[in-house]
Amino acid sequence: MSKKANKTPEQQQYEQLEQKHELKRPVMKNCIRAFWVGGLICVVGQAITYFYIYRFDFTEQTAGNPTVATMIFLSMLLTGFGVYDRLGQFAGAGSAVPVTGFGNAVISAAIEHRTEGFVLGVGGNMFKLAGAVILFGVFSAFVVALIKTLLIMWGVI
Amino acid sequence: MLPMFFWAFVIGGLFCVFGQILFDVFKLTPGHTLSLLVVMGAILDGLGLYEPLVDFAGAGATVPITSFGNSLVHGALQEAEQHGLVGVLTGMFEVTSSGISAAIIFGFIGALIFKPKG
């Protein structure tokens, strides 16, 4: 609120004008698209999971690993042929939230920066977008696991 | 088998709707949204809530990025059970190694065979 107080009347007027002309995001439509595209990606993942359970003797618990790897392989192909970008424009979070979106972030950054060379370009920029996910995933997992381990050691739970 | 596909669709879809709401209503960038979802997954697993969800919805819970946080915590806890506190560090990537290695390997292969567009 303090921000608003510092603005001149002209700036406030402009802000109102801006808000009037700003495009309203079609939240409902976006959510429905995200729902069915994201759901379908998970159905594909489920099919791959069953494939690994029945063909390669993985259990329900361990089949998640090869499934994730396969999904990332598929997202490499889709990203390389430019399909995933179009899917992303259509489905928003529906294509970003599944692990294929994580793969897409890594792979598209790798492809995009290859003109800068393999070491500084591809190597340096590969985790430009996905790095945040890894950082906060690892750090929060560390905190959570540490707390839980300490609680177990002290006999609290 | 069929109900599993159904629940994978519904739960996986709901995760994506949650992400979409964070995009549209709370105006977060994709980076912020995905980071938040990963942290959520880690906390849910710490509370012991993610495992039942995986049993119930299969890929609907393992494919969204929240499962990344979940498997990080899982690996750390598994190892901590055997080796104590050090296990939290050494076991972190135990379960989730396939996702990270696949992303690195296929990312590099992708950069080798595909040319940037535009």
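How much area do chain A and chain B bury between them? In this predicted model, the two chains bury about 5700 Å² between them, and 79% of that area lies on carbon and sulfur atoms.

## Where the two chains meet

Let us begin with who takes part. Chain A gives 68 residues to the contact, and chain B gives 70 residues. On the side of chain A that touches chain B, the elements giving two or more residues are α3 (27–56), α4 (64–80), α6 (93–96), α7 (99–112), α8 (118–125) and α9 (131–153) of chain A. The largest share of that side comes from α3(A), with 18 residues. By residue class, the side of chain A that touches chain B divides into 47 nonpolar, 16 polar and five charged residues.

What about specific polar pairing? Across the interface of chain A and chain B there are 11 residue pairs in polar contact, counting pairs with both residues at pLDDT 80 or more. The count of salt bridges between chain A and chain B, on the other hand, is zero.

## Chain B as a whole

Chain B is a good place to step back for a moment. Its secondary structure comes to seven helices and zero strands, so to speak a plain α-α-α-α-α-α-α when read along the sequence. The C-alpha trace of chain B spans about 50 × 35 × 35 Å along its principal axes. Of the 118 residues in chain B, 53% count as buried. Among the contacts within chain B that link residues at least 6 apart in sequence, 51% join residues at least 24 apart.

One residue in a loop of chain B deserves a look. K27(B) lies between α1 (2–24) and α2 (30–46) of chain B, and its phi is near 55°, a positive value in a residue other than glycine.

## Two helices of chain A

Back in chain A, helices α2 and α7 can be set side by side.

| Helix | Residues | End-to-end C-alpha distance | Expected span | Buried residues |
|---|---|---|---|---|
| α2(A) | 13 residues | 19 Å | 18 Å | zero |
| α7(A) | 14 residues | 20 Å | 20 Å | 12 residues |

For α2(A), residues 9–21, the distance between the end C-alpha atoms agrees with the span expected at 1.5 Å a residue. The reach of α7(A) from its first C-alpha to its last is likewise close to the expected value.

Their cover can be described helix by helix. α2(A) is hardly covered, with a count of zero buried residues. One of its residues is Q12(A), which counts as partly exposed at 31% relative accessibility. Q12(A) and V133(A) are 121 residues apart in sequence, and their C-alpha atoms are 37 Å apart in space. α7(A), by contrast, is mostly covered. Its buried residues include V99(A), T100(A), G101(A), F102(A), G103(A) and N104(A). Also on that list are A105(A), V106(A), I107(A), A109(A), A110(A) and I111(A).

## Helix α6 of chain A, residue by residue

Which residues does G94(A) contact, leaving aside its neighbours within four places in sequence? G94(A) sits in helix α6 of chain A, and its contacts run to both chains: A34(A), V37(A), G38(A) and I41(A) on one hand, C16(B) and Q20(B) on the other. G94(A) counts as buried because its relative accessibility is 0%, under the 20% cut-off. G94(A) and F35(A) are 59 residues apart in sequence, yet their C-alpha atoms are 6.2 Å apart in space.

S95(A) is also placed in helix α6 of chain A. With 4% relative accessibility, S95(A) counts as buried. Not counting residues up to four places away in sequence, S95(A) touches I41(A), Y84(A), L87(A), G88(A), T100(A) and G101(A). I41(A) therefore appears among the contacts of G94(A) and of S95(A); T100(A) and G101(A) are buried residues of α7(A).

## A loop residue in chain A

Is D57(A) buried or exposed? D57(A) is exposed, because its relative accessible area is 69%, over the 50% cut-off. D57(A) is found in the loop between α3 and α4 of chain A. Its phi is near 60°, a positive value in a residue other than glycine.

How values were computed
Residues are numbered from 1 along each chain as its sequence is written. Chains are lettered from A and ligands numbered from 1 in the order in which they are written. This is a predicted model: local features need pLDDT of at least 70, side-chain atom pairs count only at pLDDT 80 or more; totals for chains, interfaces and linings use all residues. Side-chain values use heavy atoms; hydrogens and water are left out. Contact means heavy atoms within 4.5 Å. Buried area is the accessible area (1.4 Å probe) that two parts lose on being put together, summed over both. A salt bridge is a side-chain nitrogen of Lys or Arg within 4 Å of a carboxyl oxygen of Asp or Glu. A polar contact is a pair of N or O atoms within 3.5 Å; within protein, one must be able to donate a hydrogen and the other to accept it, and residues adjacent in sequence count only if both atoms are side-chain atoms. Helices (H or I, at least four residues) and strands (E, at least two) are DSSP runs, numbered from the N terminus. Ala, Val, Leu, Ile, Met, Phe, Trp, Tyr, Cys and Pro count as nonpolar, Asp, Glu, Lys and Arg as charged, and the others, Gly among them, as polar. Buried means under 20% relative accessible area, exposed over 50%, partly exposed in between (1.4 Å probe, protein chains only). The expected span of a helix is 1.5 Å times one less than its number of residues.
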